[in-house]
Amino acid sequence: MYRVGIDVGGTNTDAVVLQEKIVLAGVKASTTEDVTSGVIEALEKVIEASGIDRARVGAVMIGTTHFTNAVIERRHMDEVAAIRLGLPSGAGLPPMVDWPDDLREIVGNHGYQVRGGYEFDGRELSPLDEDEIVRIAADIRAKGLKAAAVTCVFSGINDAMEVRVKEILQERCPGLPVVMSKDIGRHGLLARESAAIMNASLLSLADRTVAAFGEALKAAGITCPFYITQNDGTLMAADMVRGFPVLTFASGPTNSMRGAAFLTGLKDAVVVDVGGTTTDVGSLSHGFPRQASTTVDIGGVRTNFRMPDVFSIGLGGGSLVVNGDHGLTVGPKSVGYRVRREALCFGGTTLTATDIAVASGMADVGEKALVSTLDKRLVDAAVKKINDMLGACVERSRISSSPVPVIAVGGGSILMPDRIGELDVIRPENFAVANAVGAAIAQISGETDRVFSLVEGRTRESALAEAEAEAREKAIAAGALAETLEVIEREDMPLAYLPGNATRIHVKVVGEMGANHG
């Protein structure tokens with residue numbers, strides 16, 4: 001059986017076919033507004049290039065930037081009810097208090113605060129006001145809101161109130177999607193609440209997008225299951241995406257990093273993914289992207305669900321090279337996917353970073369004769385500028401002074417030099433479609449992140465074992481083979497500011513997809 005990996009980016013849709021650990025073919029197609037036609041084109045091209053029988057495709061893995069782009073571009077988001085259980089505390093900071101004004105208006109600014117919540121050890125802060133939830137349900141019906149997000153103080157310790165509110169809302173508003181914050185974010189009330197609200201606002205878009213992917217595969221004659229890549233480098237079933245679209249945020253750079261690890265065999269490295277407009281940089285740890293340990297800003301909103309520790313700069317193959325009054329600049333403005341029409345080396349009229357790479361001998365694309373008249377001093381200065389920008393990114397992403405390999409992937413990685421400082425740069429075969437490769441090889445994961453109170457006979461070891469068992473159960477439920485599961489992250493952080501010998505435990509396991517899951 002074959003695996004097909006697809007990465008739907010802002011400009012290109014990349015696709016690869018894998019047989020076990022061999023890349024049979026990799027292609028690029030243009031991303032389309034309707035999603036479906038671009039995916040179909042990529043599928044048809046990669047099936048033709050690989051020469052496989054489409055009936056023998058066992059699973060399709062898809063990475064997408066649709067949901068991140070929706071938040072950044074302020075579109076395709078629904079108005080939702082944001083319900084917080086925590087009164088009498090927290091009244092001075094209503095839901096979405098720190099959101100940008102325009103985004104708050106798009107999701108409706110329908111914030112509700114209700115009595116309820118827990119202490120850090122699971123004791124009630126105040127009883128849940130069920131009558132108020134019934135009143136809110138009536139308000140949701142009257143306003144025609146599309147979804148609700150429920151956030152309870154310390155729901156990571158005790159989720160009973162969030163579950164009860166969901167039951168009441170769905171009794172009173174049949175068919176209403178309700179997002180519980182305990183399923184989305186980590187500890188930290190405002191950031192977890194924001195993550196849940198954002199997730200709720202994207203549910204309709206998730207439903208349409210998943211349906212479009214299904215239609216594209218059906219149109220291409222592919223009947224196997226398909227999966228969506230998460231931002232931790234693992235997979236979730238298509239139906240799960242309908243409920244948790246925010247878990248795909250930053251999955252594009254994550255797929256590139258996982259693909260880089262697969263194509264090189266390296267487990268620990270810095271990965272530089274250069275596209276047409278931006279460069280994404282991050283570190284691999286045990287073959288997976290290192291996770292951000294702090295809150296992450298998404299479209300101006302602070303959230304705390306898991307995200308890879310990846311940052312971007314405005315440098316890519318289509319970046320404009322301008323020698324102006326204030327000196328030489330490369331990026332952040334770019335011609336993007338139009339580089340093959342507008343760059344000088346392709347017969348265009350715009351000086352881009354790709355032209356600099358061709359003129360300096362770093363790359364062999366387009367027609368070198370078309371850039372042979374460029375001023376050598378300009379070319380040398382631009383090369384130095386690009387190298388300095390890339391070098392600063394790599395240094396920022398290193399976690400120690402020990403030498404680590406640098407892996408260059410992405411179509412724009414022709415800009416990467418052979419060495420950055422004392423570090424070797426590796427550019428593997430199929431580097432241009434590493435993102436689709438990363439999608440194709442993704443595994444199933446399970447994760448637990450909550451606070452345990454080490455009292456009444458519970459030891460640190462028993463709490464760790466309980467957290468690992470929870471993570472394993474989640475992975476198996478998502479389709480992983482139990483015998484392939486391995487722990488890739490285990491953190492135990494004592495919380496000195498809380499009484500009761502509290503500790504936060506985070507455990508993550510990954511495993512191979514079961515046979516009945518493609």
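Leaving out its neighbours within four places in sequence, His286 is in contact with three residues: Lys267, Asp268 and Ile488. This is a predicted model, so everything here is computed from predicted coordinates. The His286–Ile488 pair spans 202 residues in sequence, yet the two C-alpha atoms are 7.3 Å apart in space. His286 itself belongs to the loop between β12 (279–285) and β13 (288–289). Is His286 buried or exposed? With a relative accessibility of 52%, His286 counts as exposed, because the cut-off for that label is over 50%.

**The nine-stranded sheet**

Ile488 falls in the residue range of β23 (486–494), and that strand brings us to the sheet with mixed pairing. This open sheet has 9 strands, in the order β3-β2-β1-β4-β9-β10-β22-β24-β23. β3 (22–30) and β23 have a single partner strand each, so one side of each has no neighbour in the sheet. Going from one strand to the next, the twist averages 30 degrees.

Inside this sheet, β1 (residues 2–8) and β4 (residues 57–64) run parallel and are paired over 7 bridges. If you want a register to check, take Gly5: its bridge partner in β4 is Met61. Helix α7 lies across β1, β4 and β9 (226–229), and runs at about 135 degrees to β9.

**The four-stranded sheet**

There is also an open sheet of 4 strands, ordered β6-β5-β7-β8, and here the pairing is parallel. Its edges are β6 (110–115) and β8 (178–180), each pairing on one side only. On average, neighbouring strands are turned by 20 degrees against each other, with direction ignored. β7 (residues 147–152) pairs with β8 in the parallel sense over 3 bridges, and Ala148 has Val178 in β8 as its bridge partner.

Which helices pack on this sheet? One is α4 (residues 130–143), which touches β5 (80–87), β6 and β7, and its direction makes about 170 degrees with that of β6. Another is α6 (residues 189–201), touching β5, β7 and β8, with its direction at about 165 degrees to that of β7.

**Nonpolar cores**

In soluble globular proteins, nonpolar side chains tend to be buried together. Here the largest nonpolar core holds 63 residues, and the members touching the most other members are Ile6, Val60, Leu202, Phe226 and Phe249. Helix α7 (residues 203–219) gives the most to this core, with 8 residues. For a look at one of those hubs, try Ile6: beyond its neighbours within four places in sequence, its contacts include Val39, Leu43, Val60, Met61 and Ile62, along with Ala436 and Ala439. Another core lies apart from this one; it has 39 residues, including Leu328, Leu351, Val358 and Val394.

**Rings and charges**

How many aromatic pairs are there? The count comes to 0. Two arginines do sit over phenylalanine rings, though. Arg258 lies over the face of Phe288, at 4.0 Å from the ring centre. The charged end of Arg396 is over the ring of Phe311, 3.9 Å from its centre.

**Backbone oddities**

Most residues other than glycine have a negative phi, and most peptide bonds are trans. That makes the entries below worth a glance in the viewer.

| Site | Feature | Angle | Location |
|---|---|---|---|
| Leu87–Pro88 | cis peptide bond | omega about 15 degrees | Pro88 in the loop between β5 and α3 (101–106) |
| Gly331–Pro332 | cis peptide bond | omega near 0 degrees | Pro332 in strand β18 (residues 327–334) |
| Met96 | positive phi | phi about 65 degrees | loop between β5 and α3 |
| Phe154 | positive phi | phi about 55 degrees | loop between β7 and α5 (160–172) |

Pro88 and Met96 both lie in the loop between β5 and α3. As for burial, Met96 counts as buried because its relative accessibility is 1%, under the 20% cut-off. Phe154 has a relative accessible area of 23%, so it falls in the partly exposed class.

Conventions. Residues are numbered from 1 along each chain as its sequence is written. This is a predicted model: local features need pLDDT of at least 70, side-chain atom pairs count only at pLDDT 80 or more; totals for chains, interfaces and linings use all residues. Side-chain values use heavy atoms; hydrogens and water are left out. Two strands pair if DSSP finds at least two bridges between them. Helices (H or I, at least four residues) and strands (E, at least two) are DSSP runs, numbered from the N terminus. Axes are lines fitted to C-alpha atoms, for helices over the stretch in contact, and angles run from 0 to 180 degrees between N-to-C directions. Contact means heavy atoms within 4.5 Å. A nonpolar core is a set of buried Ala, Val, Leu, Ile, Met, Phe, Trp, Tyr and Cys residues joined through side-chain atoms within 4.5 Å. Buried means under 20% relative accessible area, exposed over 50%, partly exposed in between (1.4 Å probe, protein chains only). Rings of Phe, Tyr and Trp (its six-membered ring) pair if their centres lie within 6.5 Å; planes under 30 degrees apart count as stacked, over 60 as edge-to-face and the rest as tilted. A charge sits over a ring if NZ of Lys or CZ of Arg is within 6 Å of the ring centre and within 35 degrees of the ring normal.
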